[in-house]
Amino acid sequence: MTTLVVTHAYAVRFPHYAAFLRYQLASLEACPGVDVAVCYCAEDELVASVVRWFSENSSLVIREFIQPVERLGRRCIGRNQAAVTSEEDFVFFTDVDHVFDP
């Protein structure tokens, strides 16, 4: 069984969400069969740096869904894009203020 966790982060005005994303991705490293889709804005360097770090230093498979800020707040848009392109058995939608364990 495979799972795609779709999450959203916006740290341009709320920098603590980049830290939340770091904690969330770290928690998902311990969950086998889980890939992650991160929806964020191109100008959000804090979130982009977290995604880059985990892409380079982790076993997580991370898919990026970069959106304009106007669409990011409407989570259904990014969630739909991730779900439509997914090949996983399950798709789980969340925000960065949740952590996971196996």
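**View A. Phe100 is partly exposed, with a relative accessible area of 23%.** The model is predicted. One of the residues in contact with Phe100 is Ser27, and Ser27 also touches Val99; neighbours of Ser27 within four places in sequence are left aside here. Ser27 belongs to helix H1. Its relative accessible area is 12%, so Ser27 is buried, the limit for that class being under 20%. The side chain of Ser27 comes to 2.7 Å from the backbone oxygen of Gln24.

**View B. Two of the aromatic pairs: Phe14 with Tyr17, and Phe92 with Phe100.** The structure has five aromatic pairs. Between the ring centres of Phe14 and Tyr17 there are 6.0 Å, and the planes stand at 75°, so this pair is edge-to-face; planes over 60 degrees apart fall in that class. Phe14 has a relative accessibility of 34% and therefore counts as partly exposed. Tyr17, at 29%, is also partly exposed. The pair of Phe92 and Phe100 is edge-to-face too, with 5.8 Å from centre to centre and 85° between the planes. Phe92 counts as partly exposed because its relative accessibility is 42%, a value that lies between the 20% and 50% limits.

**View C. Tyr10 sits in the loop between S1 and H1.** Tyr10 forms one aromatic cluster with Phe14, Tyr17 and Phe20. What does Tyr10 contact, leaving aside its neighbours within four places in sequence? The partners are Tyr17, Cys41, Asp44, Val47, Val69 and Leu72. The C-alpha atom of Tyr10 lies 8.8 Å from that of Gly73, although the two are 63 residues apart along the chain.

**View D. His8, a residue of strand S1 (residues 3-8), and its surroundings.** Is His8 buried or exposed? His8 is buried, because its relative accessibility is 5% and the class takes values under 20%. A polar atom of the His8 side chain lies 3.5 Å from the backbone oxygen of Arg75. Apart from neighbours within four places in sequence, His8 is in contact with Cys39, Leu72, Arg75, Gly78, Arg79, Thr94, Asp95 and Val96.

**View E. Helix H4 (residues 75-85) and its buried residues, Ile77, Gly78 and Ala82.** Down the axis of H4, these residues occupy an arc of 125°, so they line one face of the helix. An α-helix has 3.6 residues a turn, so residues three or four places apart point the same way. Cys76 and Val84 are exposed on the other side of H4. The buried residues of H4 pack against S1, S2, S3 and helix H3 (69-72). Gly78 and Arg75 are among the contacts of His8 in S1.

**View F. Helix H2 (residues 45-57) and what covers its buried residues.** H2 has 13 residues. From first C-alpha to last, H2 reaches 18 Å, close to the 18 Å expected at 1.5 Å a residue. Which residues of H2 are buried? They are Val47, Ala48, Val50, Val51 and Phe54. These buried residues fall within an arc of 160° when H2 is seen down its axis, so they line one face of the helix. Their cover includes helix H1 (16-28), strand S2 (34-40) and strand S3 (62-66).

**View G. The largest nonpolar core, with 20 residues.** Leu21, Leu25, Val38, Val47 and Ile62 have the most contacts inside this core. H1, S2 and H2 are the elements that give two or more residues to the core. H2 gives the most, with five residues. Ile62 is in contact with Leu25, Val36, Val38, Val51, Phe54 and Ser55, its neighbours within four places in sequence being left aside. Of these partners, Val51 and Phe54 are among the buried residues of H2.

**View H. A second, separate core of eight residues.** Its members include Leu4, Ala37, Cys39 and Ala82. Ala82 is one of the buried residues of H4. Cys39 is in contact with His8.

Definitions and conventions
Residues are numbered from 1 along each chain as its sequence is written. This is a predicted model: local features need pLDDT of at least 70, side-chain atom pairs count only at pLDDT 80 or more; totals for chains, interfaces and linings use all residues. Side-chain values use heavy atoms; hydrogens and water are left out. Helices (H or I, at least four residues) and strands (E, at least two) are DSSP runs, numbered from the N terminus. The expected span of a helix is 1.5 Å times one less than its number of residues. Buried means under 20% relative accessible area, exposed over 50%, partly exposed in between (1.4 Å probe, protein chains only). The arc is that of the directions from the helix axis to the C-beta atoms. Contact means heavy atoms within 4.5 Å. A nonpolar core is a set of buried Ala, Val, Leu, Ile, Met, Phe, Trp, Tyr and Cys residues joined through side-chain atoms within 4.5 Å. A polar contact is a pair of N or O atoms within 3.5 Å; within protein, one must be able to donate a hydrogen and the other to accept it, and residues adjacent in sequence count only if both atoms are side-chain atoms. Rings of Phe, Tyr and Trp (its six-membered ring) pair if their centres lie within 6.5 Å; planes under 30 degrees apart count as stacked, over 60 as edge-to-face and the rest as tilted.
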